[in-house]
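Trainee: Could you take me through one part of this model with care, namely the charged side chains and how they pair or gather? I would like a connected account rather than a list.

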Amino acid sequence: MNIPFTNLEWANPEVLWLGILPCIWLLLYFLFLSKKKAFFNVSNIPSISQHGKSIRVRLLHFPVILRFLGLLLLITALARPQSLLEERNVSTEVVDIVISLDISGSMLAEDFEPNRLEAAKNLAYEFIDLRKGDRIGLVIFAGEAFTQVPLTTDHAYLKEMFDKVDIGFLRDGTAIGDGLATSVNRLKNSSAKSKVVVLLTDGVNNRGFIDPLTAAEIAASKGIRVYTIGVGSEGTAPFPFQTPMGVQYRDVPVEIDEELCKQIAQMTGGKYFRAIDEESMSEIYEEIDRMERTTIDVQIIRSTSEEFFPFLLIALGFLVLDWFLRHSLLRTAV
């Protein structure tokens, strides 16, 4: 919807200089009036001297004000005010992205703050904010895989659903092949020029029905690049265990099948990253963001809409009302 009188421009701006003439005329009128004050003598009768001005006397100069405003608005209309309508047609190839997130029990390890899963979710929010205009979906996997959010441009809803993801949603385990295959399934019919899966895992494939390399082959055949991220510090990581004495921590080995992750990335034209802490994961998201940028061509279309008619209509209304008052109710007015 176009809002009138926004981005106002003038087709004949030089006409606006004529607005000085009504201002000079009004100034001379009141200067001349102040030198021609009429008077008459009356007897010193309190009732007469205290008698106030009538409404007719108070409105004596109202037609002059109407004439002044009418002339100003008429000059404004002659200057032809126009609303500038500027449309930007942005033609760009959007990127369709599916984030495939491991939510197996090992993602509770606290080598990230507060744990791997929450850190992965928080940093994913930042990545989503960088990808304005792109369609992004979310697949979660553990011992099985599930589409949490199909491809969408509603990033607020996507982050809301991200926030609801937790350990225990799915049967435990690490089905990397199923997670990747489900992500590929969300992208296989996409018409986007670039199709990407960002797969985060902290373990070794030990569940599922689809071999990870088979899923990678399918992805490659569909033109889908897979960026794999191994999540976990070097060596061991503190992991919370529930015991009769409450939660206790033990250091458990960090086991990531990096060779598999590298193979998946290589087969699909993607890249493998290792995230050992929050800072490195943030840098990984930023690098993926840079690699998956497309060129934007902007075409600017400028058009104008004439806005003089309301000014002309009000000007004529003021001038007609001025004429009517001077020849009827206030016919003695100048």
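Mentor: Let us start with helix H10, where Glu 283 is found. This is a predicted model, and the protein averages a pLDDT of 86, with 83% of the residues scoring at least 70. Confidence varies along the chain: among the elements, helix H2 (residues 46–49) has the lowest mean pLDDT, 49, whereas helix H7 (residues 176–187) has the highest, 98.

Glu 283 belongs to a patch of negative charge on the surface, in which it gathers with Glu 126, Glu 279 and Glu 286. Helix H10, which spans residues 278–291, gives the most to this patch, with three residues. Glu 283 counts as partly exposed because its relative accessibility is 44%, a value that lies between the 20% limit for buried and the 50% limit for exposed.

The helix also takes part in charge pairing, for the side chains of Glu 287 and Lys 271 meet in a salt bridge, with 2.7 Å from N to O. This pair links distant parts of the chain, since Glu 287 sits in helix H10 and Lys 271 in the loop between helix H9 (258–268) and strand S10 (272–275), 16 residues apart. Both partners are partly exposed, Lys 271 at 35% relative accessibility and Glu 287 with a relative accessible area of 23%.

In general, side chains of opposite charge can pair when their charged atoms come close. The structure holds 13 salt bridges, and two further ones are worth setting beside the pair just described. Asp 96 forms a salt bridge with Arg 135, the closest N and O atoms being 2.7 Å apart. Because Asp 96 lies in strand S3 (residues 95–102) and Arg 135 in strand S4 (residues 135–141), this pair ties together parts that are 39 residues apart in sequence. Asp 96 is buried, with a relative accessible area of 1%, while Arg 135 is partly exposed, at 32%.

Lys 121 and Glu 118, by contrast, both lie in helix H5 (residues 116–130), three residues apart, which is about one turn of the helix. Their salt bridge has its closest N and O atoms 3.2 Å apart. Here the lysine, Lys 121, is the buried partner, with a relative accessible area of 2%, and Glu 118 counts as partly exposed at 23%. Finally, salt bridges also form a network that links Asp 111, Arg 116 and Asp 202.

Conventions:
Residues numbered from 1 in each chain as written. Predicted model: local features only at pLDDT ≥ 70, side-chain atom pairs only at ≥ 80, totals over all residues. Heavy atoms only, no water. pLDDT = per-residue confidence, 0-100. Helix = DSSP H or I, 4+ residues; strand = E, 2+ residues; numbered from the N terminus. Patch = residues over 30% accessible without salt bridge, like charges linked within 9 Å, V, L, I, M, F, W, Y side chains within 5 Å. Areas by Shrake-Rupley, 256 points an atom, 1.4 Å probe, with all protein chains shown as cover. Salt bridge = Lys/Arg side-chain N within 4 Å of Asp/Glu carboxyl O. Lys, Arg positive; Asp, Glu negative; His and termini not counted. Charge placed at Lys NZ, Arg CZ, Asp CG, Glu CD. Buried < 20%, exposed > 50% of the residue type's maximum accessible area, 1.4 Å probe, protein only.
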